[in-house]
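Grab your viewer and work through a few exercises. Try each task yourself before you read its solution.

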Amino acid sequence: MLKETLNKFLILNGVQAAVVIQENGEIIESMKSAITINKDVQAALSIIMLDSKVTAGQFGNASLSTVFIEFTDYMVILGPLIEEFFLVVIAKSTANIGQITYEMKKNQDAIVAQL
Amino acid sequence: MIEQLPEGKSIGWMQAPPQWIFTHTVRFMGIVRVVIQDGEGFILIKKGTPLVYYFKHGRIELRGRAALDYFKSHPIIEFNLCKYTPEEFTEALKICNFEERVEGLPPNPDQTPEQDSPFEGDLPASPAPPVSETPPAAEAPPAIPAVSSISPAPMPSPVSQAPAVEAEEEAPELPEESHGEAAEEPVTEEYPELRYPSEGQEVPPAVVLDEPDMKIIGQMKRLNGIVAISVFNDDRNILLMGDVAIEPLLRIARTMLETTRKIDPLLDWGSFVHMTLQIPEGNVIIAPYHENYLCILTTRTINIGHIRRILRDLQQNSNGMTLI
């Protein structure tokens, strides 16, 4: 069921992976297309999740909505789901960021319900 | 005295270290109006040569070297660059009695003149004490605080932006545009690393932004939803355009930068383009900018895709001018 929901992201232009992941880097579920999520990527995602929560806390304990990190080849978009779980979308830099974040918000409740 | 001076043509308000003024006014002739807390002052500059320094806080007047020292005691000052015509500049010099006295300081503000300040009073060892008082000495003047001490705002609130300053055809060494009232001098004890280095301390090398950089940053600042833009590096904030306290913003920007440095060796995804942290109040974006970094604070409603494109263009074409 969760795979089906994640698969909705893969049909978006440029999206390479949609992952539900824990803050410690452990992948709960993922759908990928022509990309490898190895230990280094998992470690990097874990750093982003943990650090971003801390950084958001510097804004008077503001809640974190979304984190985007873009490189010349790929970008990653992370959105908190519930507790220590995040939805992560990895896409080519040519992808439409607005479309991805829209789908992330639209499917957030469904993903949380499936966890 | 300040009220008598010609208005000049405002190029814009900005916040920057005092040294910025001296390194970016080579072709500028006019007045730099300085506001520090409740006091105000000015520097008359003719093509890179500061001729008159003046600052007034209540009944206290600082002139010449004392005023300069006071400006330099602040890591960042807020000022408005106003261009003068030759006639206006002559008039301003007359008002300051410049023709009658040799009152200027050397172009390099770090050079100490042999003679005392042409204005009355002794040069203070520290910038805070007054040089001269207009009222009778019986009334003790309030001390000018060296720095203010406001609590760092947890999130610099988006503010209404001042109307855009008219485009400046000349003054190539100056920022084309900056904007409205800036935040109160925000240095606090909590951020000692951001203090202006005192004498004896090692001063980080000056960072000079070129005219195209200033234009680009000014253009970005004018976009709807941009609350503030800072250019910073590991040592200092180089430039701030926006009505926010710089220290809390800079602290967050550096935390984000640290995150990118941690993940960069782990990901083979190309060069870092930007990191955007979205919270309910807005977005904080950091991005490489030449050898420095940009930190952009935006409202929540801004088009992230637009900002993305601009940042990509900036990095792909470092000489590009028309980005927006």
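The exercises below go through a predicted model, starting with its confidence scores.

**Exercise 1. Find out which stretches of chain B have a pLDDT below 50.**

Start with the whole-model scores: ipTM is 0.94 and pTM is 0.57. Next, take chain B as a whole: its pLDDT averages 68, and 62% of its residues score at least 70. Now go along the chain. Residues 100-206 of chain B fall below 50, yet this stretch still has 207 contacts in the model beyond near neighbours in sequence. Residues 319-324 of chain B are below 50 too, with 14 such contacts. Where pLDDT is low, don't read the predicted coordinates in detail.

**Exercise 2. Work out which elements of chain A supply the side that touches chain B.**

First, count the residues: 28 of chain A are in contact with 28 of chain B. Then sort the chain A side by element: α2 (39-57), β3 (66-71) and α3 (97-114) of chain A each put in at least two residues. The top contributor is α2(A), with 10 residues. Sorted by class, this side of chain A has 15 nonpolar, nine polar and four charged residues.

Last, look for strand pairing across the two chains. β3(A) runs antiparallel to strand β10 (residues 272-279) of chain B, and six bridges join the pair. To find your place in β10(B), start from I69(A), whose bridge partner is M275(B).

**Exercise 3. Decide how the buried residues of α3(B) and α6(B) are arranged around their helix axes.**

Take helix α3 (residues 86-95) of chain B to begin with. Its residues F89(B), A92(B) and L93(B) are buried. They span an arc of only 100° around the axis, so they sit on the same side of α3(B). E87(B) and K94(B), on the other side of α3(B), are exposed. What do the buried residues of α3(B) pack against? They pack against β2 (29-36), β3 (39-46) and β4 (49-57) of chain B. After α3(B) comes N97(B), with a positive phi near 55°.

Now do likewise for helix α6 (residues 304-316) of chain B. Its 13 residues reach 18 Å from first C-alpha to last, close to the 18 Å expected at 1.5 Å a residue. The buried set in α6(B) is I307(B), R308(B), I310(B), L311(B) and L314(B). Looking down the axis of α6(B), you'll find these buried residues within an arc of 165°, so they line one face of the helix. The general rule helps here: an α-helix has 3.6 residues a turn, so residues three or four places apart point the same way.

**Exercise 4. Track down positive phi angles in the loops and hairpin, and say where E83(A) and H290(B) lie.**

Keep the background in mind: most residues other than glycine have a negative phi.

- Begin with strands β1 (residues 15-22) and β2 (residues 27-32) of chain A, which pair antiparallel over five bridges. V20(A) stands opposite E29(A) in β2(A). Four residues lie between the strands of this hairpin, and G25(A) takes a positive phi near 95°.
- Next, E83(A) isn't a glycine, but its phi is positive, about 45°. You'll find E83(A) in the loop between β4 (74-82) and β5 (85-92) of chain A. With 10 other C-beta atoms within 10 Å, E83(A) is exposed.
- Finally, H290(B) isn't a glycine either, and has a positive phi of about 55°. Its loop is the one between β11 (282-289) and β12 (292-298) of chain B. H290(B) has 15 C-beta neighbours inside 10 Å, so it counts as partly exposed.

Note on methods: Residues are numbered from 1 along each chain as its sequence is written. Chains are lettered from A and ligands numbered from 1 in the order in which they are written. This is a predicted model: local features need pLDDT of at least 70, side-chain atom pairs count only at pLDDT 80 or more; totals for chains, interfaces and linings use all residues. Two residues are in contact if their C-beta atoms, placed from the backbone, lie within 7 Å. Ala, Val, Leu, Ile, Met, Phe, Trp, Tyr, Cys and Pro count as nonpolar, Asp, Glu, Lys and Arg as charged, and the others, Gly among them, as polar. Two strands pair if DSSP finds at least two bridges between them. A residue is buried if 20 or more other C-beta atoms lie within 10 Å of its own, exposed if 12 or fewer, and partly exposed in between; C-beta atoms are placed from the backbone. The arc is that of the directions from the helix axis to the C-beta atoms. The expected span of a helix is 1.5 Å times one less than its number of residues. pLDDT is the predictor's confidence in each residue, from 0 to 100.
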